[in-house]
Amino acid sequence: MPFCLLTCLPSSAQTASSLYQPGVTSEGATYFLPKTGIQITVQVEKSSYTPGEYCKYAERYLRIKGVSPDPSVSYRITEIRQGAVAVADTTKGYTVKFDAKTSATNVRLSDDGILLAINAEPKRHERPQPFVAAPRPAAINPRQYMSEEILAAGSTAKMAELTAQDIYEIRESRNLLVRGQADNMPKDGEQLRLMLSQLDLQDRAMTSLFTGTTEKDTTEHTFVIIPDRDITNEVVFRFSQRIGLVDNDDLAGVPYYISIKDLKTVPAPDPVDSKKKNKQVNGIYVNIPGRLRASISNTKEVLLTSEFPAGQFGNVELLSGALFNKRYTTHLWLNPLSGAVDRLEAEQPK
């Protein structure tokens, strides 16, 4: 939306941020600067074990030890990662009033009112793709590979014995094909690959009658921490190998912590003169972000550590309204995560 600029005022209602609504109107634009949140993403794999029909014969006929006859469910964390996200800082809300003496201006805001650009297309911030679990492989019915003799057997023990014999025959056929000693060798490599693949499928299906099957499902969980101060070992989540993710106060789970440190890379701001605090000024406010260090740990070790820019640990700077007078068309791009100036271009009229 093109319009004329530009008197920029700090919000007089910063202590009541719910009354300070960002957006663009015919009279001006109201915007926030961002602060940094830390997004922790946890992927959890659930394994569900179902014992096979012949599980108690696994050691006798296939020499496989330790096969459990009881169903079970277990969980494990497969990945933890962290990244920065921008959150509107309602303590840094400002109003730009339109002024006919300034050049035509286009203010671009994010959906939650964060200033992104002026007279320019905002810088694109690639958001992480939503997690999509891999499709579960189709279940294999081992009975479709059973011979008539197995199905006609009078007891489970006899069926297990005959099934084991078939498994050994399948493995012998596969070995002969691999060695090139089979009576009917395939004509080409593709046919050999298909035959070996089919034998492997039969072997897995019939062996599962002894060893059981394990189905795996992966879910992704996200937590966002928005720090305004240093944090030491704050519990983000708890995890149990038997239950999975549990509430922070559930002692059945092992705690995972986050620690955040203000690296103090930006000097503290000068005290604001009370006489100038509410004085009308021209310009655009931007962040001079500091940096923070975020670490994720459990009770044994630090798992990962990263550093990010953080507007809440820095200062605010005023870009003079003179940059937006009629002699120039000024293009301003702000970093969508930190609110710092990414680019500033002044274009003289032709």
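In which loop does N298 lie?

1. This note concerns a predicted model, and the question above is a convenient place to enter it. N298 is found in the loop that runs between strand β12, residues 283–297, and strand β13, residues 302–320. Although a loop residue, N298 counts as buried because its relative accessible area is 16%, which falls under the 20% limit used for that word.

2. The side chain of N298 deserves a careful look in the viewer, since its polar atoms face the backbone of the loop's own residues at two places. A polar atom of this side chain lies 2.8 Å from the backbone nitrogen of K300, and the backbone nitrogen of E301 is likewise found 2.9 Å from a polar atom of the side chain of N298. When residues up to four places away in sequence are set aside, N298 touches P255, Y256, Y257 and L303.

3. One of those neighbours leads into the sheet. P255 belongs to strand β11, where it is the bridge partner of R238. The strands concerned are β9, residues 231–240, and β11, residues 254–262, and they pair in the antiparallel sense over six bridges. As background for a reader new to sheets, strands pair through backbone hydrogen bonds, and they may do so in either a parallel or an antiparallel manner.

4. Strand β9 has a further partner in β10, residues 244–246, to which it is joined by three bridges, again with the two strands running antiparallel. Within this pairing, S240 stands opposite G244 of β10, and the connection between β9 and β10 is a hairpin that passes through three residues.

5. Taken together, these pairings belong to an open sheet of five strands, whose order is β10-β9-β11-β12-β13 and whose pairing is antiparallel. Strands β10 and β13 stand at the edges and have a single partner strand each, so one side of each is left without a neighbour in the sheet. From one strand to the next, the twist averages 30°.

6. The aromatic residues may be considered next. How many aromatic pairs does a search of the whole structure find? The search finds six. In one pair, the ring centres of Y31 and Y94 are 5.8 Å apart and the ring planes meet at 40°, so the pair is described as tilted, a word used for angles that are neither under 30 degrees nor over 60. This pair links distant parts of the chain, since Y31 is in strand β4 (residues 28–50) and Y94 is in strand β5 (residues 72–97), 63 residues apart.

7. Are Y31 and Y94 buried or exposed? Y31 counts as buried at 1% relative accessibility, and Y94 is also buried, with a relative accessible area of 7%. Together with Y285, these two tyrosines form one aromatic cluster. A separate arrangement involving a ring is seen at W333, where R343 lies over the face of the ring at 4.1 Å from its centre.

8. Strand β5 also holds E79, which counts as partly exposed because its relative accessibility is 32%, a value that is neither under 20% nor over 50%. The side chain of E79 makes a polar contact of 3.3 Å with the side chain of R81. Leaving out residues up to four places away in sequence, E79 touches T41, V42 and Q43; for T41, which is 38 residues from E79 along the chain, the C-alpha atoms of the two residues are separated by 8.0 Å.

9. A comparable check can be made at S147, which lies in the loop between β7 (115–118) and α2 (148–151) and which counts as partly exposed at 26% relative accessibility. The C-alpha atoms of S147 and D166 are separated by 8.6 Å, and the two residues are 19 apart along the chain.

10. Finally, some totals place these local details in the setting of the whole protein. Its secondary structure comes to four helices and 15 strands, and 39% of its 350 residues count as buried. Among the contacts between residues at least 6 apart in sequence, 73% join residues that are at least 24 apart, and a student may wish to keep this figure in mind when returning to the link between Y31 and Y94, which are 63 residues apart.

Conventions:
Residues numbered from 1 in each chain as written. Predicted model: local features only at pLDDT ≥ 70, side-chain atom pairs only at ≥ 80, totals over all residues. Heavy atoms only, no water. Buried < 20%, exposed > 50% of the residue type's maximum accessible area, 1.4 Å probe, protein only. Polar contact = N/O pair within 3.5 Å; in protein donor to acceptor, adjacent residues only side chain to side chain. Contact = heavy atoms within 4.5 Å. Phe/Tyr/Trp six-rings, centres within 6.5 Å; stacked < 30°, edge-to-face > 60°. Lys NZ or Arg CZ within 6 Å of the ring centre and 35° of its normal. Pairing = 2+ DSSP bridges. Axes fitted to C-alpha atoms, helices over the stretch in contact; angles between N-to-C directions.
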